[in-house]
Amino acid sequence: MSRSPQQAALSPSPFTVGDLSRLGVNHLAIIAGGKGSRLAPLVGDVPKVLIPIGGKPVLQHQLELAAAVGISEVTIFAGYLGDRIEAFVGDGSRFGLRARTLVENEPMGSAGALLRSLDILPGQFFVLYGDVMLAVDLRRMAKCHVDRGADFTALVHPNDHPQDSDLLEVDADEWVTAIHAYPHPPDKFFGNLVNAALYVVRRDALRPCAAAIGKRDFVKDVMAELIAKGGRVLAYRSSEYVKDMGTPGRLKKVEADWQAGKLTLESSSRSGPAIFLDRDGTLIVENGYLRTANELQLLPGVAPALRSLRQAGYRLVVLTNQPVIARGEASEADVAATHRRLEWELGKEGAYLDGIYLCPHHPDGGFPGERSELKIACQCRKPATGLFERACRDLQIEARGSWMIGDQTRDIEMARRAGLRSILVQTGVGGRDAKFQAAPDYIADDLAAAAGVILRHEKMLAL
Ligand SMILES: [Zn+2]
């Protein structure tokens, strides 16, 4: 059975719920999409959204999360076997919200059917793909979208396969400046900001995109068009749980994560320990002052070491002094390009960072071409703890159980001030700068050896 979206319009909502209503974002559009062809051998002939995880269809997980955070209305754009989806959801009341299912029989891409139905959607709403399992606090995301005055906000995170993901490029204020759709050309470095298929959108910003008819894609058409026309497309970074289960391997992984209890809002936003990492001489070859991305070279064994630390449950955060910016020897854009390459090179080996925090300042004047506004005694240049504190706030990190790894005495002194255990690595400067007296807890040959120290330490604690 197929019917036009207009016929299915909801009557005005009789109730309001929680923060999302105050923010004016309490509607969720779910793009149920097609048949999970790649999953058919595993699950049979089922629309993707009805594939069970932990014995419950993905769609039910999505609706329950939506209801829990205060979404009151849901529109499901269904294609393949849409009648079955409609029968499952009904009017949504058994999930604690009001739902309608719009069945579209011709393939419309991820955005086509929604763009055709803008008039029956409210002023702002969430968009979620039907093959995504998530534990995201939608209230926080909506607040960020509204506070920043965005037209379109996309949840982004790093993953361990950026080379075959759609990647976003952002400016210093997290506005998206470019989209790099997979497949990527060789010899370019696109960082590791992966679009996770969860958006908050302002309806009227999408109207120009609705003019074209037929198949439309949210990334390649809608986002790209918005950016080209100067629209405000915002990247919302989050380390909360969001994974698609579109291949047998990923479906298995998501099922395991569900069994391990990782798919609750509570566990998804839980704080935990981190490994803080210096950059030059610890992760990459110390090369005087690195000015361009082309000079970057990972030290041997770095990516596997980071993978093993993440496997052990640590967040991974780089804290780096970049006085080259204050001295006018490199711009913020140069350093950002270097960091995109760093993330790209790590991604090639399945490793990724949760954040890179840099201090652009330098206290002493007298360099030709220096930028006087950055020539200050700041709170963030290591051994000061400003970068560490900012990372803890942003990434829900607990100092307890965290470590600092670096090649300079200022890294070890920062660890002492922050109350972190520290490891001095013998790569790079190897502590020979002798500027600060603080003693490291351990000395290791390189990052791989330092990771070994931490993992052995963990094992001892576990005994
Ligand atoms: Zn600073």
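Is Thr-338 buried or exposed? In this predicted model, Thr-338 has a relative accessibility of 2% and therefore counts as buried, the cut-off for that class being under 20%. The residue belongs to helix H13, which covers residues 332–348, and its C-alpha atom lies 8.9 Å from that of Phe-189, although 149 residues separate Thr-338 and Phe-189 in sequence.

A zinc ion is present in the model, with coordination provided by the SG atoms of Cys-359, Cys-378 and Cys-380 together with the ND1 atom of His-361, at 2.1 to 2.3 Å. The arrangement is tetrahedral, because the angles subtended by the four donor atoms around the zinc ion are 101 to 115°. Along the chain, the donor residues follow the spacing C-x1-H-x16-C-x1-C. Both His-361 and Cys-380 are placed in the loop between strand S16 (355–359) and helix H14 (386–395), so this pair ties together parts that are 19 residues apart in sequence. With respect to accessibility, His-361 counts as buried at 13%, and Cys-380 is likewise buried, its relative accessible area being 7%.

Confidence in the prediction is described by an average pLDDT of 90 for the chain, with 95% of the residues scoring at least 70. Over residues 1–18, however, pLDDT stays under 50, and for this stretch the model has 31 contacts beyond four places in sequence. Where pLDDT is low, predicted coordinates should not be read in detail.

Key:
Residues are numbered from 1 along each chain as its sequence is written. This is a predicted model: local features need pLDDT of at least 70, side-chain atom pairs count only at pLDDT 80 or more; totals for chains, interfaces and linings use all residues. Side-chain values use heavy atoms; hydrogens and water are left out. Donors are N, O and S atoms within 2.8 Å of the metal (3.2 Å for Na, K and Ca); water is not among the atoms, so sites may look incomplete. Four donors count as tetrahedral if all angles lie between 85 and 135 degrees; four count as square planar and six as octahedral if opposite donors are over 155 degrees apart and all others between 65 and 115; anything else is irregular. Helices (H or I, at least four residues) and strands (E, at least two) are DSSP runs, numbered from the N terminus. Buried means under 20% relative accessible area, exposed over 50%, partly exposed in between (1.4 Å probe, protein chains only). pLDDT is the predictor's confidence in each residue, from 0 to 100. Contact means heavy atoms within 4.5 Å.
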